[in-house]
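I opened my notebook to get to know a new structure, one topic at a time. Here are my entries, in the order in which I looked things up.

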Amino acid sequence: MIVRPWVAIRADGTHLTGSGHIMRCRTIALALKRRSVDCCFITRNLDPALADLLRRDVIEVLKLPTDGPVPDDSQGDYGKWLGTTMAHDAAETTQALETHIEKRGTKPLTVLVDHYGLDREWEQAVNSATRLRIGAFDDLNRPHESAFVVDPTFGKTTDAYAHQTNDDCELMIGTNYAVLRPDFARERAALSNESHPSEQLVRDLLISMGGVDERNLTQWVLEALLAHLPDKAMRFHALVGGSYRHREKLEEFANRSNGLIQVHSGIDDMAAFLTRFDLCIGAAGSSTWERCCVGLPTLTVVQADNQRQIAANLSQAGTTAFGGDFVNEAQMPEPREWVHETVLPLIEDASKRNAMAKAARELVDGHGLARVLRALIAEGLADQEVAIRAAVEGDIGLIHEWQCFPDTRAHAVNSKVPTLSGHTQYMRTKIADENSHYMIVERTGVPVGVVRLDPVSDEPMPGSVEPSAQNVGLVSIFTAPEHYRTGVGLIALKMLQQHFPKHVQIAQVLKDNGASHRLFTKAGFVGYTDEYYFWQAKPPSHA
């Protein structure tokens, strides 16, 4: 019996911390689930709406007690968010981990912490007590003692963490590590550089002020727009989260707008949803990277101190426009002045919006999730036994995620990213075809790649093989992005040879794909053209 591997996540989500940390980690948890890796959240403070969301996702949540010593003064506001000392939280997290390890019979591959109130002190305490691998999300340049740190802040470099981390800590810094759901990579692949915005006029404007929006800035923006924008033909859309506590008040306001305002929440395909709009007024939180990925022109509003640098960097790069600093209630802009001096100029400048959309798409490629997954699970699975099995219907979506990754496409014979519908139809055909062998490579039940053996068509044959030979198959192979350079490819090719020893196996490798040329040579394949290799079992010795 295979015991499923798992990852532990320490994160909170409340009206103080916002929902971004939990939502980012939820994206990771769902991605792990698609890869047959379980995930367990360890939380101290969790909004009921977020708890319900994780419960519906069938994600396990371990709740820490909310009592304990009060935070030290040195912890500042983030200590208030945590609600206790780091030492106390570390001790209780350690106890929760040890109990869960005993229950499951295995240690987690990684403990991931995503919390402004926890840093090196907490990581050292948990690691000292458990000897578990720890990784951290951050954007505040705090000290860490961990295997890796992920900070997706635009404009930041590894220098930001100089002398702040242990020498062997892997620093994953910049927007390449922005964690987005897979639908963003799919949607982005379908967008050409000039495809958004398609309208020269702004007809649909989105307001997105975060999942919690404790101060109800969503309604403040809507009231300002309705009162002071001259064009009343525009439609306004408010996107709110499950933890938004002003829903009833906002709905009442929307009902009085004569249909100009629509309220949206619980969006399943966020990437496709965002492409519906011509302009967004949005908070400079984690959803910034979602809007950039699909090229939605945005007026970025600062709601918290740690968002100021992000908003400034994006504005300076021409990726978004600065929408105002809304951190302090006393320094809020005057609504009419804000609309006429900040919002209206961008509404009237289609060329600027198009330039922003293009710059934004170039900033975020939508594949940060796979890069972070590698840090979470690849090392812990690298020494596990490899097996191959036939692909099934349930593999189709995950394989498409892998197919969208830039490095996968760069070395494919057809470099174009397949559409999900086209990929699904193709996979169903392959799965049903008795003459094709579409195999999933696994480690401890976790999918780590694909290896195929298909009938040949018009491929050139090696001189030692008759053109009419029946047992000839075309090999294709690729490794899941989160398992690159872990030795999967060589083992999979050897296993394919063992499964089909009577087949002559040929493979096409593009000339500039040096890694694959080395791989097939190492697996015993022999080159017979610049791009083709073949393998044939040696006849048994009769000595």
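**Entry 1: Salt bridges**

I began with a pair of charged side chains and found that Asp57 and Arg26 are both buried. One reminder to myself: this is a predicted model. The two residues form a salt bridge, and the closest N and O atoms of Asp57 and Arg26 are 2.5 Å apart. I then looked up where they sit. Arg26 is in helix 1 (residues 20–34), while Asp57 is in the loop between helix 2 (48–56) and strand 3 (60–63), so the bridge links distant parts of the chain, 31 residues apart.

Next I turned to Asp38 and Arg104, whose side chains meet in a salt bridge at 2.8 Å, N to O. Asp38 belongs to strand 2 (residues 38–43) and Arg104 to helix 4 (residues 86–104), so this pair ties together parts that are 66 residues apart in sequence. Are these two buried or exposed? Asp38 counts as partly exposed at 22% relative accessibility, and Arg104 is partly exposed as well, with a relative accessible area of 23%.

My third pair was Arg308 and Asp305, with a salt bridge of 2.7 Å, N to O. Arg308 has 31% relative accessibility and counts as partly exposed. Asp305 has a relative accessible area of 53%; the cut-off for exposed is over 50%, so Asp305 is exposed.

I also noted a network: Arg10, Asp12, Arg44, Asp89 and Glu92 are joined by salt bridges that share partners. How many salt bridges does the structure hold? I wrote down 31.

**Entry 2: Nonpolar cores**

Which residues touch the most other members of the largest nonpolar core? They are Leu205, Leu225, Phe236, Ile281 and Trp338, in a core of 37 residues. I listed the elements that each supply at least two residues of this core: among them are strand 8 (204–208), strand 9 (235–239), strand 11 (279–283) and helix 12 (335–347). Helix 7 gives the largest share, seven residues.

I stayed with Trp338 a little longer. Setting aside residues up to four places away in sequence, Trp338 touches Trp220, Val221, Ala224, Leu225, Ile281, Gly323, Phe326, Pro333 and Val343. Apart from the largest core lies another core, of 33 residues, including Val7, Ala29, Phe137 and Val179.

**Entry 3: A cavity and a pocket**

I searched for enclosed space and found one cavity of 30 Å³ or more. About 120 Å³ of space lies in the largest cavity. Of its 14 lining residues, Ala185, Gly366, His367, Ala370 and Glu401 are the closest to its centre. Helix 6 (182–190), helix 14 (368–381) and helix 15 (396–404) are the elements that give two or more residues to this lining. By class, I noted nine nonpolar, two polar and three charged residues in the lining of the largest cavity.

Then I looked at the second largest pocket, with a volume of about 1,500 Å³. It is lined by 46 residues, and Thr408, His411, Ala412, Ile477 and Phe478 lie nearest its centre. The elements that each supply at least two residues of this pocket's lining include helix 17 (420–432), strand 16 (446–455), strand 17 (472–479) and helix 18 (488–499). This lining divides into 20 nonpolar, 16 polar and 10 charged residues.

**Entry 4: Loop residues**

Most residues other than glycine have a negative phi, so I made a note of exceptions. Val58 is not a glycine, yet has a positive phi of about 60°. Val58 sits in the loop between helix 2 and strand 3, and at 66% relative accessibility Val58 counts as exposed. Asn258 also has a positive phi, near 55°. I found Asn258 in the loop between helix 8 and strand 10, where Asn258 counts as exposed at 77% relative accessibility.

My last stop was Asn141, in the loop between strand 5 (134–137) and strand 6 (148–151). Asn141 is partly exposed, with a relative accessible area of 29%. What is Asn141 in contact with, leaving aside neighbours within four places in sequence? I found Asp151, Lys156, Ala160, Tyr161 and Gln164. I also checked Asn141 against Gly318: the two are 177 residues apart in sequence and 24 Å apart in space, C-alpha to C-alpha.

Conventions: Residues numbered from 1 in each chain as written. Predicted model: local features only at pLDDT ≥ 70, side-chain atom pairs only at ≥ 80, totals over all residues. Heavy atoms only, no water. Core = buried A, V, L, I, M, F, W, Y, C linked by side-chain atoms within 4.5 Å. Buried < 20%, exposed > 50% of the residue type's maximum accessible area, 1.4 Å probe, protein only. Helix = DSSP H or I, 4+ residues; strand = E, 2+ residues; numbered from the N terminus. Contact = heavy atoms within 4.5 Å. 1 Å grid on protein atoms, 1.4 Å probe; cavity = no way out; pocket = protein on both sides within 12 Å on 5 of 7 lines; lining within 4 Å. Points joined across faces, edges and corners; volume = space filled by probe spheres on them. Nonpolar A, V, L, I, M, F, W, Y, C, P; charged D, E, K, R; others polar. Salt bridge = Lys/Arg side-chain N within 4 Å of Asp/Glu carboxyl O.
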